[in-house]
Structure formats: C-alpha cells, structure tokens
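Dear colleague,

I am passing on the structure we spoke about, placed directly below. My notes on what was found in it follow, with the conventions given where they are needed.

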Amino acid sequence: MLDAVVIGGGAAGIAAARTLDAAGLSVAIVEARDRLGGRAHTILLDGAQVDEGAHWMHMAEVNPLVGLARRAGFTSRRAPEDRPLYDNGRLTTGARRRAMDRGWPKLDQAVARVARSGVDETLAASLPALGEWTETFAFGLGLYSGADIRELSAIDYARTADGTNRFLKDGYGALLARLARPLTVHLGRPATRLRSGEDRVVVETAAGDVEARWAIVTAPTGVLKGGAIRFDPELPADLVDAVAGFSPAAYEHAILRWPESPFHRNGADQLTLFRGDQATAAAMLACIGGGDLHYFELGGPHAKIWRNGDEAWKRAHVREVLSLHFGKESDAAEILHVTGWWSDPWSRGSWSVCAPGRYVARDALRHYSGGRLRFASEATSPDQWGTVGGAWREGARAARKIIAALRS
Ligand SMILES: Cc1cc2nc3c(=O)[nH]c(=O)nc-3n(C[C@H](O)[C@H](O)[C@H](O)COP(=O)(O)OP(=O)(O)OC[C@H]3O[C@@H](n4cnc5c(N)ncnc54)[C@H](O)[C@@H]3O)c2cc1C
C-alpha cells in the first residue's frame, strides 16, 4: 500500500506528489487523461511550443514555479504591463488613452472598499462611474476573472494578489510535465470512486484499484460537481454545499499565425484589448515572444459564446471579430488552433469562480480534514485562485499536512 495517492496530475497534483516524494514517502498520481499538466498544456504548433491553457506565470514574486523553471533550464521573460486598446481597428492614444487608464486606480480603490466593508456584492455593483469606458472595463474584468462581473463576488475578486508576470519560452505546460518526470504516474485512468476506510483510501479506476493511506483530490471543481468521482462514504453536506458554491470560469484561446499583423509595431507580448460589445469585444496577446503567433482571447461572458459552438463555428467567430476590427487586413491571419476547455470532461471550465457570498467555499474545501481525504487545487487558493502558481502552492500545502499526519 502506498503512503499517498494523488487524484489528478495538474499543477496541484504534481506539486503534491513531488512534496510527498521529497519527504521519502511512496506516492502515485492517478490521472484521467493520457498526459500530465491539466489546464497547463503545451502543444507544438508551427514548430513552436505553445500553451493552449495557462501561459502567464502570475505573481512572479511569490510563484515557486519561477525558481523551479530557472533550475530546470527554462528561459523566461517579463511580461509587459501596458494594455494597448484598439477601437474600430485603430490604436487608442493620447488624451483618450489617458482617460481610460485613469479608470484602473478608481476601480482598484472601489474593490478594496468592498473588501474592507466585508459586505459582499457583485463586482459589477462595486464598479465606480467610468463613463464611456464602463463596458471596456467590464470586458477587461471578465477577461481577467473568466466570469460575468454581474455574477462574480467582489470580495473573492478583491482577495486576489497582484504582482508581475512572466512568460516561459518553451511553455508552462512543458515545465509541469518536466517537473513530474521523476514521479510514478498512472495515465489514462479516471478515478471513478474513492472508498475511505479507517486506515486507507481505495481509488477505483476501470483498470484496477490503487490503495493508499491518504489521498489528495485535485480534480477540478467542475468535475467534482458533475459527480464523475463518487465518494464512499458520501462527503458531508457542508462540503457538498461548498463544492456547489463554485462556478466554472470561461476563458478560451484561438492561436493565430499572423506575420503582418498590425500589432507588430507595438512590440512583443502585448495584451491588447479590442473595444466592442458582447459579441465583438476581444483581446489578443499579440506577437508572442516577438514572433508571428498570437493568442486571440475571450473571457467571461464573451467566452461563454463558444460554449455550444463546434470548431468550425469558433473559427468563423474569430474571423468575424477580426474582420470587424481590422477589415481585409485580418484575412492574412491563419487560425492554427481553437480551445474547448469549457466542455472538456476533465476540466469543465477554465478555473473556479464564486458568486457573492460563496467565496467561503474556497476555505471550506481547503480546510476539510475529514477521514483520509484532502483537497487541493487552484480553487482552494484564497488569493491566487485561477492560477497555476496558486494550484502549485495548494498541492504542496496539502502534501505537507499529510506528511505531518504520517509523522505524528
Ligand atoms: C485557457 C486557459 C488559460 C489560462 N491562463 C492562465 C495563465 O495564463 N496563468 C495561470 O496561472 N493560470 C491560467 N489558467 C488557469 C490554470 O490553468 C489553472 O488554474 C491551473 O492549471 C489549475 O491547476 P489544478 O491542478 O488545480 O487543476 P488541473 O490543471 O485541471 O488539474 C487537475 C487534473 O485532474 C485530472 N482529473 C480530472 N478528473 C479526474 C479523475 N476523475 N480522475 C483522475 N484525474 C482526474 C485532470 O485531467 C487534470 O489533469 C488558464 C486556464 C485556461 C483553461
């Protein structure tokens, strides 16, 4: 029997397994997909390593993956902080741009006020008057949070920490896969049931059971909510209620090759917003690493438009939006790949968000200490939810709890 089994081989699962392994304990990861990394996955496109999920190393100051990447020989670069805005295909500059930029500090102050008050409301309700820029800010916040700000907890949003960001040349997903190399991993084995007893947990999979003294569950909250994993005995009602308190965030990419794009003149790695309405606003992480690849990005309600669309429909939508903003010039953009994290059965959303009053779900899942199960994922991070770095720290935290229990 193993000391511990980890359900899920994304950032949280890999961090948990590495921490247990480094403490000299026997551990294995049981992973549903035939690959590791979860929502951080690097693919080869046009000869380049490109992330189809997480790409930004957020909060570089405290993100343990920055140091791990350096030690593993991965090259990273700092992400620019400017956010160019295109309005009707034209770069917004001068006084108009300065007027828009004045909105960000106002917004930060308003959100901080809600956090201090302790009375939760929707992020939309906490927005200050931003005049003609209100829609643009709503789009930006939807992009960052992956949620409709009319449904998002302002306190949960306010608790997220801010810092500088970095990009990895060879991909965030590739880094996670590298860091998992020394671990014992069972790929292509979805856990269907977890049976907890007095001294062990049995993880049932179609290819056989895995037994361990402890289990760390890192499957996404959407997967837990969907009932893909049964718990025996059933989880307590308050924990089931906490899991129900999470909603899936929507964030999707299309990856483009666009050698002559208008963004080349703005420099590399610029997160560029296109002003528009629900159907036409979008963002572009342009000229990745100074090259010809670009991420067309949708977040929150704008990404939910993709929920029911097939690949052809998504491609047509990207074309339509680009053409509205950039006319014939956008014909040269070649769509190499579109994502579908929302409907992916092992993700069920891009990360987890909470409605007003429900942000306590993060702590409830994080501090659950019943039986031999622990939970860790991006969702349990109070201040870095929705990030790889947050998930990594949570996985390591849950593992340390188990190490302490085994040694006590
Ligand atoms: C398009 C997109 C862009 C993003 N951009 C960024 C970004 O730039 N920066 C950033 O920091 N974060 C970003 N994120 C969020 C980030 O990817 C996640 O927060 C993070 O990867 C979550 O890690 P995790 O370990 O909690 O979950 P996951 O990575 O989802 O790992 C969970 C694992 O559990 C497995 N699993 C599920 N069910 C079962 C089962 N029944 N049995 C066994 N295994 C199971 C899954 O296959 C998966 O491998 C982005 C996400 C998306 C989708």
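Two strands are said to pair if DSSP finds at least two bridges between them, and the strands themselves (E, at least two residues), like the helices (H or I, at least four residues), are DSSP runs numbered from the N terminus. Please bear in mind that this is a predicted model, in which local features need pLDDT of at least 70 and side-chain atom pairs count only at pLDDT 80 or more, while totals for chains, interfaces and linings use all residues. Residues are numbered from 1 along each chain as its sequence is written, and side-chain values use heavy atoms, with hydrogens and water left out.

I begin with the sheets. One open sheet has 7 strands in the order 8-7-17-18-19-16-20, with mixed pairing; its edge strands, each of which pairs on one side only, are strand 8 (90-91) and strand 20. Within this sheet, strand 17 (residues 270-274) runs antiparallel to strand 18 and is joined to it by 5 bridges, with Ala286 in strand 18 as the bridge partner of Gln270. Strand 18 is in turn joined to strand 19 by 3 bridges, again in the antiparallel sense, and here Met284 has Phe296 in strand 19 as its bridge partner. Strand 16 and strand 19 (residues 293-299) also run antiparallel, joined by 7 bridges, and Glu252 stands opposite Leu298 in strand 19.

Strand 18 (residues 282-286) deserves a closer look, because 5 of its 5 residues are buried (under 20% relative accessible area, with exposed meaning over 50% and partly exposed in between, for a 1.4 Å probe and protein chains only), so this strand is largely enclosed by the rest of the structure. In a regular strand the side chains alternate between the two faces of the sheet. In strand 18 both faces are covered, with Ala282, Met284 and Ala286 buried on one side and Ala283 and Leu285 buried on the other. The hairpin that strand 18 forms with strand 19 has 6 residues between the strands, and in it Cys287 takes a positive phi near 50°. Cys287 counts as buried because its relative accessibility is 2%, and Cys354 likewise counts as buried, at 1%. The structure holds 0 disulfides (a disulfide being a pair of cysteine sulfur atoms within 2.5 Å).

A second open sheet has 3 strands in the order 5-9-6, with antiparallel pairing, and its edge strands are strand 5 (56-57) and strand 6 (76-78), each of which pairs on one side only. Strand 5 is joined to strand 9 (residues 166-168) by 2 bridges, and the bridge partner of Trp56 in strand 9 is Phe167.

Elsewhere, strand 1 (residues 2-7) pairs with strand 2 in the parallel sense over 4 bridges, with Val6 opposite Ile29 in strand 2. From strand 2 (residues 27-30), Val27 and Ile29 point one way and Ala28 and Val30 the other, and all are buried. Ser26, in the loop between helix 1 and strand 2, counts as partly exposed because its relative accessibility is 29%. A second serine, Ser330, lies in the loop between helix 11 (311-326) and strand 20 (334-338); it counts as buried, at 2% relative accessibility, and its side chain reaches the backbone oxygen of Gly327 at 2.8 Å.

Finally, the ligand. It is surrounded by 38 residues, the closest being Glu31, Arg39, Trp56, Ala191 and Val388, where a residue is near a molecule or strand if one of its heavy atoms lies within 4 Å of it. This shell divides into 19 nonpolar residues (Ala, Val, Leu, Ile, Met, Phe, Trp, Tyr, Cys and Pro), 5 charged (Asp, Glu, Lys and Arg) and 14 polar (the others, Gly among them).Three backbone contacts to the ligand can be listed as polar contacts (pairs of N or O atoms within 3.5 Å; within protein, one must be able to donate a hydrogen and the other to accept it, and residues adjacent in sequence count only if both atoms are side-chain atoms). A polar backbone atom of Ala32 is 3.1 Å from a nitrogen atom of the ligand, whereas backbone N or O atoms of His55 and Glu378 lie 3.0 Å and 2.9 Å, respectively, from an oxygen atom of the ligand. Of the 1000 Å² of accessible area that the ligand has on its own, the protein covers 99%, the areas coming from the Shrake-Rupley method with a 1.4 Å probe and, for residues, with only the protein chains shown counting as cover. The elements that give two or more residues to the shell are helix 1 (11-22), strand 16 (251-257) and helix 13 (388-407).

With kind regards
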